[in-house]
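Here is a short tour of one protein chain. Keep the sequence and the 3D view open while you read.

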Amino acid sequence: MDVLSPQVLLELVESKRFGVEYQPIIELKTGDLFAYEALSRFRSVNGAFIRPDHVYAALHDNPLLLFQVELAQKKIQLDRLACSEKIFVNLDQDAFYACGQTAQENPFIELILSAGRDKVVVELIENSEMSDALMSLSMIEVFNGLGIRTALDDLCNPKSMLSVAVLQLVEWIKLDKCVLENRGDAHFMIFVSKIIDFAHATGKQVILEGVELAEDLVFARSIGVDFVQGFYYRSLFLSY
């Protein structure tokens with residue numbers, strides 16, 4: 001992974017050269033737009049795109065800077081859509097806890113509640129660190145207590161771990177694009193099928209990410225997911 005230098009990172013943050021792309025989430029049964037996911041986007045001085053994972057990897061070395069950028073991103077993401085649009089937003093666990101305030105005083109909570117409980121779904125990512133899974137669980141318990149809905153993002157990603165406790169508490173499960181990449185692996189697809197069965201048996205809904213081709217859409221229907229998301233569908237706009 002390319003590493004951003006501290007100078008490049010600070011210049012990016014100070015210049016606020018970040019924005020949002022809204023990617024549609026489509027209901028498979030009807031073909032209707034269900035919601036948008038807000039995707040963080042960053043540009044360099046010369047206008048070239050910088051991969052978000054590179055930016056966030058650098059930001060994790062500075063928790064307060066991570067908090068500052070994540071909060072600014074969420075303000076943009078929640079401000080640019082019409083009041084009637086439902087929006088899925090990623091929320092970094094480290095950023096959420098970096099402010100050092102109680103849940104009731106947390107700026108992210110205030111921002112989400114001001115946008116509307118019915119409008120926002122918070123996506124949490126689990127990776128290979130047990131501490132992240134515990135933070136995800138703690139955050140979901142806070143959100144559930146406030147009536148804020150949650151989704152588990154990137155399930156089946158090779159770098160993620162599966163927390164049964166987290167899986168039970170969320171309302172949406174988002175399958176990583178690696179499901180499409182591994183559709184020919186019979187053993188892997190047995191696991192995916194059981195996850196989808198579990199989700200539906202417990203009242204959850206499943207979104208397949210990474211849909212880019214017509215055959216991806218056919219595959220999504222064949223495995224019984226509820227929604228799809230990806231570059232097969234035109235993003236709403238890119239805002240800076």
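Helices, in this report, are DSSP runs of H or I with at least four residues, numbered from the N terminus. L134 has its place in one of them, helix 6, which covers residues 130-145. One caution comes early: this is a predicted model.

**Two residues of helix 6**

Start with L134. Is this residue buried or exposed? L134 is exposed, because its relative accessible area is 53% and the exposed class begins over 50%. Its C-alpha atom lies 8.6 Å from that of V166. In sequence, L134 and V166 are 32 residues apart.

M139 is also found in helix 6. Its relative accessibility is 0%, so M139 counts as buried. Which residues does M139 touch, leaving aside those up to four places away in sequence? They are L91, Q93, F96, Y97 and L124. V228 makes another reference point for M139: their C-alpha atoms are separated by 25 Å. Along the chain, M139 and V228 are 89 residues apart.

**Strand 5 and its partners**

Strand 5 runs over residues 120-125. It is mostly covered, with 5 of its 6 residues buried. Strand 5 pairs with strand 4, which spans residues 87-90. The sense is parallel, and there are 4 bridges. One residue match can be picked out: N90 has E123 in strand 5 as its bridge partner.

Strand 5 also pairs with strand 6, residues 149-155. Here, too, the sense is parallel, over 5 bridges. I125 stands opposite D153 in strand 6. As a rule, side chains in a regular strand alternate between the two faces of the sheet.

**Aromatic rings**

How many aromatic pairs does the model hold? The count comes to 12. One of them joins F34 and W172, with ring centres 6.2 Å apart. Their planes meet at 45°, so this pair is tilted. The pair links distant parts of the chain. F34 belongs to strand 2, residues 33-43, and W172 to strand 7, residues 172-175. The two are 138 residues apart. F34 has a relative accessible area of 24%, so it is partly exposed. W172 has 4%, so it is buried.

A second pair joins F96 and Y97. Their ring centres are 5.0 Å apart. Why is this pair edge-to-face? The planes stand at 90°, and edge-to-face applies because that angle is over 60 degrees. F96 counts as buried, at 2% relative accessibility. Y97 counts as partly exposed, at 34%.

F96 and Y97 also belong to a group. Together with F67, F108 and F143 they form one aromatic cluster. Both F96 and Y97 are among the residues that M139 touches.

**Charges over rings**

Two arginines sit over phenylalanine rings. The table gives each with its ring and distance.

| Arginine | Ring | Distance to ring centre |
|---|---|---|
| R43 | F49 | 4.1 Å |
| R183 | F219 | 5.1 Å |

R43 lies over the face of F49. For R183, the charged end sits over the ring of F219.

**A helix pair**

Two packed helices are described by the angle between their axes and the distance between the axes. Helix 3 covers residues 63-79, and helix 5 covers residues 107-115. They pack at an angle of about 0°, with their axes 11 Å apart. That makes helix 3 roughly parallel to helix 5.

Which residues of helix 3 meet helix 5? They are F67, E70, L71, K74, K75 and L78. On the side of helix 5, the residues are P107, F108, L111, I112 and A115. F67 and F108, members of the aromatic cluster, thus appear in this contact as well.

**Two positive phi angles**

K16 has a phi near 55°, a positive value in a residue other than glycine. It is placed in the loop between helix 1 (6-15) and strand 1 (18-27). K16 is exposed, with a relative accessible area of 60%.

C156 also has a positive phi, about 85°, although it is not a glycine. This residue is found in the loop between strand 6 and helix 7 (164-169). Is C156 buried or exposed? At 12% relative accessibility, C156 counts as buried, because the buried class is under 20%.

Definitions and conventions:
Residues are numbered from 1 along each chain as its sequence is written. This is a predicted model: local features need pLDDT of at least 70, side-chain atom pairs count only at pLDDT 80 or more; totals for chains, interfaces and linings use all residues. Side-chain values use heavy atoms; hydrogens and water are left out. Buried means under 20% relative accessible area, exposed over 50%, partly exposed in between (1.4 Å probe, protein chains only). Two strands pair if DSSP finds at least two bridges between them. Rings of Phe, Tyr and Trp (its six-membered ring) pair if their centres lie within 6.5 Å; planes under 30 degrees apart count as stacked, over 60 as edge-to-face and the rest as tilted. A charge sits over a ring if NZ of Lys or CZ of Arg is within 6 Å of the ring centre and within 35 degrees of the ring normal. Axes are lines fitted to C-alpha atoms, for helices over the stretch in contact, and angles run from 0 to 180 degrees between N-to-C directions. Angles under 35 degrees count as roughly parallel, over 145 as roughly antiparallel, 65 to 115 as roughly perpendicular and the rest as oblique. Contact means heavy atoms within 4.5 Å.
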